[in-house]
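Here's a quick briefing to read alongside the model. Have the sequence and the 3D view open as you go.

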Amino acid sequence: MRLIAVSALTLLLAACTSQAAPMPTPSPDPAETTTAPPTPPVQDPFDVDANDKRVREWKNSPDEMGFVYRVQPMDFTLKPRNTGSTPQSDARLRFVVEDMDGEGDLTVGGDGWTCEGDRDIACTTTGVTEPGGTWAPLTLTMRHTKGGQTRVVVHWGDVTPSVIFRYDTST
């Protein structure tokens with residue numbers, strides 16, 4: 001009888017402890033908590049604008065955009081952006097021109113920029129740009145010797161999106 005009473009008491013105690021209220025979680029000490037800096041919003045690495053109503057713009061993805069136009073030469077403004085979380089000093093962009101079915105010639109320049117090259121154009125500038133800020137704009141001038149498309153791969157930091165320039169000669 002004693003063995004049964006001890007076993008019953010053990011089961012009763014085990015059941016009571018499993019039903020007990022959980023221990024409260026201690027609150028963090030405000031002096032020990034750290035706050036991470038806010039994450040900046042996702043931004044495109046650069047903006048390209050035609051500023052001309054005769055140009056139609058399209059964008060398939062963050063990696064490919066383009067412009068269609070029927071007049072030439074056509075000027076575009078490219079504004080590179082600091083998408084990082086710290087100030088960025090100096091900037092370097094590359095523009096690699098690839099003819100598709102068109103024959104396009106690209107010239108690039110802008111105040112404060114030094115650009116060199118023909119089909120592989122390197123542009124550099126100096127100075128510091130804050131996170132989210134833009135560098136001085138570059139002017140891209142596209143001239144086609146015949147109708148068609150020319151792709152320009154823009155190398156800016158760790159991104160290499162393509163911009164397609166299409167000179168439409170159809171009526």
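What follows is a short walk through one sheet, its strands and some salt bridges.

This is a predicted model, so treat it as one. At its heart for this briefing is an open sheet of seven strands, ordered E2-E3-E11-E10-E5-E8-E7, with mixed pairing. Eight salt bridges turn up in the structure, and one of the pairs described below, Glu64 with Arg151, links strand E3 to strand E10.

**The sheet as a whole**

- Going along the sheet, you meet the seven strands in the order E2-E3-E11-E10-E5-E8-E7, and the sheet is open.
- The edges are strand E2 (56–61) and strand E7 (114–116); each has a single partner strand, so one side of each has no neighbour in the sheet.
- On average, neighbouring strands here are turned by 20 degrees against each other, with direction ignored.

**E3 next to E11**

- Strand E3 (residues 64–69) runs parallel to strand E11 (residues 162–167), and six bridges pair them.
- If you want residues to click on, Glu64 has Ser162 in E11 as its bridge partner, and Met65 is matched with Val163 in E11.

**E11 next to E10**

- On the E10 side the sense is antiparallel: strand E10 (residues 148–156) pairs with E11 over six bridges.
- Arg151 has Ile164 in E11 as its bridge partner, while Val152 stands opposite Val163 in E11.
- The hairpin of E10 and E11 has five residues between the strands, and Gly157 takes a positive phi near 65 degrees there.

**E10 next to E5**

- Strand E5 (residues 88–99) and E10 run antiparallel, joined by seven bridges.
- One pair to look up is Val96 and its bridge partner in E10, Val153.

**How enclosed are these strands?**

- In E11, five of the six residues are buried, so the strand is largely enclosed by the rest of the structure.
- E10 is also largely enclosed by the rest of the structure, because seven of its nine residues are buried.
- Ser162 is a handy residue to centre on: it belongs to strand E11 and is buried, at 10% relative accessible area.
- Leaving aside residues up to four places away in sequence, Ser162 touches Asp63, Glu64, Met65, Arg151, Val152 and Val153.

**Salt bridge between Glu64 and Arg151**

- The side chains of Glu64 and Arg151 meet in a salt bridge at 3.3 Å, N to O.
- Glu64 sits in strand E3 and Arg151 in strand E10, so the pair ties together parts 87 residues apart in sequence.
- Glu64 is partly exposed, with a relative accessible area of 21%.
- There's a network here too: Glu64, Glu98 and Arg151 are linked by salt bridges.

**Salt bridge between Arg94 and Asp120**

- Arg94 forms a salt bridge with Asp120, and their closest N and O atoms are 2.9 Å apart.
- Arg94 lies in strand E5 and Asp120 in strand E8 (residues 120–129), so this pair ties together parts that are 26 residues apart in sequence.
- Arg94 counts as partly exposed at 27% relative accessibility, and Asp120 counts as partly exposed at 39%.

**Salt bridge between Arg81 and Asp47**

- The side chains of Arg81 and Asp47 meet in a salt bridge, at 2.7 Å from N to O.
- Arg81 is in the loop between strand E4 (74–80) and E5, and Asp47 is in strand E1 (residues 46–49), so the pair ties together parts that are 34 residues apart in sequence.
- Arg81 is buried, with a relative accessible area of 12%, whereas Asp47 counts as partly exposed at 25% relative accessibility.

Technical notes. Residues numbered from 1 in each chain as written. Predicted model: local features only at pLDDT ≥ 70, side-chain atom pairs only at ≥ 80, totals over all residues. Heavy atoms only, no water. Pairing = 2+ DSSP bridges. Helix = DSSP H or I, 4+ residues; strand = E, 2+ residues; numbered from the N terminus. Axes fitted to C-alpha atoms, helices over the stretch in contact; angles between N-to-C directions. Buried < 20%, exposed > 50% of the residue type's maximum accessible area, 1.4 Å probe, protein only. Contact = heavy atoms within 4.5 Å. Salt bridge = Lys/Arg side-chain N within 4 Å of Asp/Glu carboxyl O.
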